[in-house]
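Hello,

Here is the structure I promised to pass on to you. Have a look at it first, and then read my notes below.

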Amino acid sequence: MKRITYAEKIKLSNYTTIKVGGSAEYFAEPNNIFEFIDLIKWANFNKNECRIIGAGSNLLINNIFLKGLTICTKKMKSIKIDPVLGNVEVDSGVMLPTLSNLLAKNGLEGGEWTIGIPGTIGGAICMNAGSGNLSLEKNLISVRVIDSRTLDIYEIPKKEINFRYRFSPFQENNLVIISSKLKFKTNGNVDELLKTTKNILKKKTSTQPYHLPSFGSVFINPKNNYAGKLIEEIGLKGFKIGGAQISSMHANFIVNHSSAKSNEILELITVIQQKVLQKKGIFLQPEVRMIGFDYP
Ligand SMILES: Cc1cc2nc3c(=O)[nH]c(=O)nc-3n(C[C@H](O)[C@H](O)[C@H](O)COP(=O)(O)OP(=O)(O)OC[C@H]3O[C@@H](n4cnc5c(N)ncnc54)[C@H](O)[C@@H]3O)c2cc1C
């Protein structure tokens, strides 16, 4: 095996958008998929737990020492676009806003909505990230994965992946997404696409608290309802626990308004769940992924 580069005792708060998180025993940011695969093999051979993070935009990481190797994919940025056929091949660390802009510049339609999501492709596929009725699932052709237990590498066509609203099997299995193939509609008007992309971003930033650290929507919307609306209706907008606050701009966002601790955020999540259940009879399921907690 090739030489592995990693750092030790790295603060993960610098790698999450909510700016909270403990420290990783080992931490690495591979520059390409070959380094990525070698790191996963290294963790496997050394019996180190291996956790993957993208842009950390949907993560609540406990403020503890996390044993094992944490790999951040953000430096794996290779992207190949065929504007004639509409085919796109991306490494899992490519950011959605980068993809959105490149698609528009190449006249490819269908990825405009991804502009406001500050996550990577790998994270977006794992979360089945989306906006309204749209999600990456729609444009996905296949994903290339490595099984972190067996180290087998293979490609999975979309039809074999059981996506649901904000769910993919990658949230539960041992498969790490290395890269993916997507397809978009060709021959779009570049100026129109860039304008739409810009307008979508403008709308998002004027209705959601992009100016403060957060992890986007905290809860999955319940069937035929909106988590933000339920939280607002029971009067919790602006409610704080320590440095964690329910955004006064959008009630389904928790913002880190002053050095919030991970336990304050988890407590706020629990209070919201309890109060919405008591007053509305609805259990809100977190969308945000938790690392280092005993949360079910
Ligand atoms: C301001 C803001 C706005 C947001 N708006 C939206 C929105 O409109 N719609 C929406 O759906 N989400 C939204 N989000 C949430 C978040 O951006 C998405 O869920 C995003 O896709 C997560 O990607 P990430 O790279 O940050 O993943 P991370 O948060 O780093 O990880 C999320 C999960 O994916 C897993 N993962 C990451 N990379 C891989 C990989 N290569 N292989 C396997 N598993 C992997 C991680 O282990 C973890 O379980 C928003 C977040 C913020 C902060």
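Let me start with the ligand. Several elements each supply at least two residues of the shell around the ligand: strand 3 (50-53), helix 3 (121-127), strand 8 (130-131), strand 12 (175-183) and strand 13 (214-217). Helix 3 has the largest share of that shell, with 5 residues. Please keep in mind that this is a predicted model.

There are 32 residues around the ligand, and the ones that come nearest are Gly54, Gly119, Gly122, Gly123 and Gly216. Sorted by class, the shell holds 15 nonpolar, 16 polar and 1 charged residues.

**The domains**

Stepping back, the chain is divided into domain 1 (7-72), domain 2 (79-204) and domain 3 (210-291). The centres of domain 1 and domain 3, taken over C-alpha atoms, are separated by 26 Å. Their contact takes 12 residues from domain 1 and 15 residues from domain 3. On the domain 1 side, strand 4 (residues 59-61) gives the most, with 3 residues. By class, that side of domain 1 has 5 nonpolar, 5 polar and 2 charged residues.

Some strand pairing is worth finding in the viewer too. Strand 1 (residues 7-11) and strand 2 (residues 23-28) run antiparallel and are joined by 4 bridges. One pair to look for is Glu8, whose bridge partner in strand 2 is Tyr26. Strand 2 is also joined to strand 5 (residues 65-72), this time by 5 bridges and with the strands running parallel. Tyr26 turns up again here, with Leu69 as its bridge partner in strand 5.

**The open sheet**

A quick reminder before the next part: strands of a sheet pair through backbone hydrogen bonds, either parallel or antiparallel. Which order do the 5 strands of the open sheet follow? They run 6-7-12-10-11, and the pairing is antiparallel. Strand 6 (79-82) and strand 11 (153-157) are the edge strands, each pairing on one side only. On average, neighbouring strands of this sheet are turned by 15 degrees against each other, direction ignored.

Strand 12, which you met at the ligand, is part of this sheet. Strand 10 (residues 140-147) is joined to strand 12 by 7 bridges, and the two run antiparallel. Leu140 has Leu182 as its bridge partner in strand 12, while Asp147 stands opposite Leu175. Helix 1 (residues 33-45) packs on the sheet and touches strand 7 (87-91), strand 10 and strand 12. The direction of helix 1 makes about 155 degrees with that of strand 12.

Strand 7 is also joined to strand 12, through 5 bridges, and these two run antiparallel. Here Val90 stands opposite Ser180 of strand 12. Strand 12 is mostly covered, with 7 of its 9 residues buried.

**Helix 2 and one of its residues**

Next, find Leu96, which lies in helix 2 (residues 96-105). Is Leu96 buried or exposed? Leu96 counts as buried because it has 25 C-beta neighbours inside 10 Å, and the cut-off for buried is 20 or more. Leaving aside its neighbours within four places in sequence, Leu96 is in contact with Thr114, Ile117, Gly119, Ile121 and Ala124. Gly119 is also one of the residues that come nearest the ligand. Another of those nearest residues is Gly123. Leu96 and Gly123 are 27 residues apart in sequence, and their C-alpha atoms are 9.7 Å apart in space.

Leu96 has company in helix 2, where Leu99, Ser100, Asn101, Leu103 and Ala104 are buried as well. What covers the buried residues of helix 2 includes strand 7, helix 3 and helix 4 (190-207). After helix 2 comes Gly107, whose phi is positive, near 70 degrees.

**A contrasting residue**

Finally, have a look at Asn199, which has its place in helix 4. Asn199 counts as exposed because it has 12 C-beta neighbours inside 10 Å, and the cut-off for exposed is 12 or fewer. Asn199 and Glu112 are 87 residues apart in sequence, while their C-alpha atoms are 9.6 Å apart in space.

Enjoy exploring it!

Best wishes

Note on methods. Residues numbered from 1 in each chain as written. Predicted model: local features only at pLDDT ≥ 70, side-chain atom pairs only at ≥ 80, totals over all residues. Near = placed C-beta within 6 Å. Nonpolar A, V, L, I, M, F, W, Y, C, P; charged D, E, K, R; others polar. Contact = placed C-beta atoms within 7 Å. Pairing = 2+ DSSP bridges. Axes fitted to C-alpha atoms, helices over the stretch in contact; angles between N-to-C directions. Domains from an automatic or database assignment.
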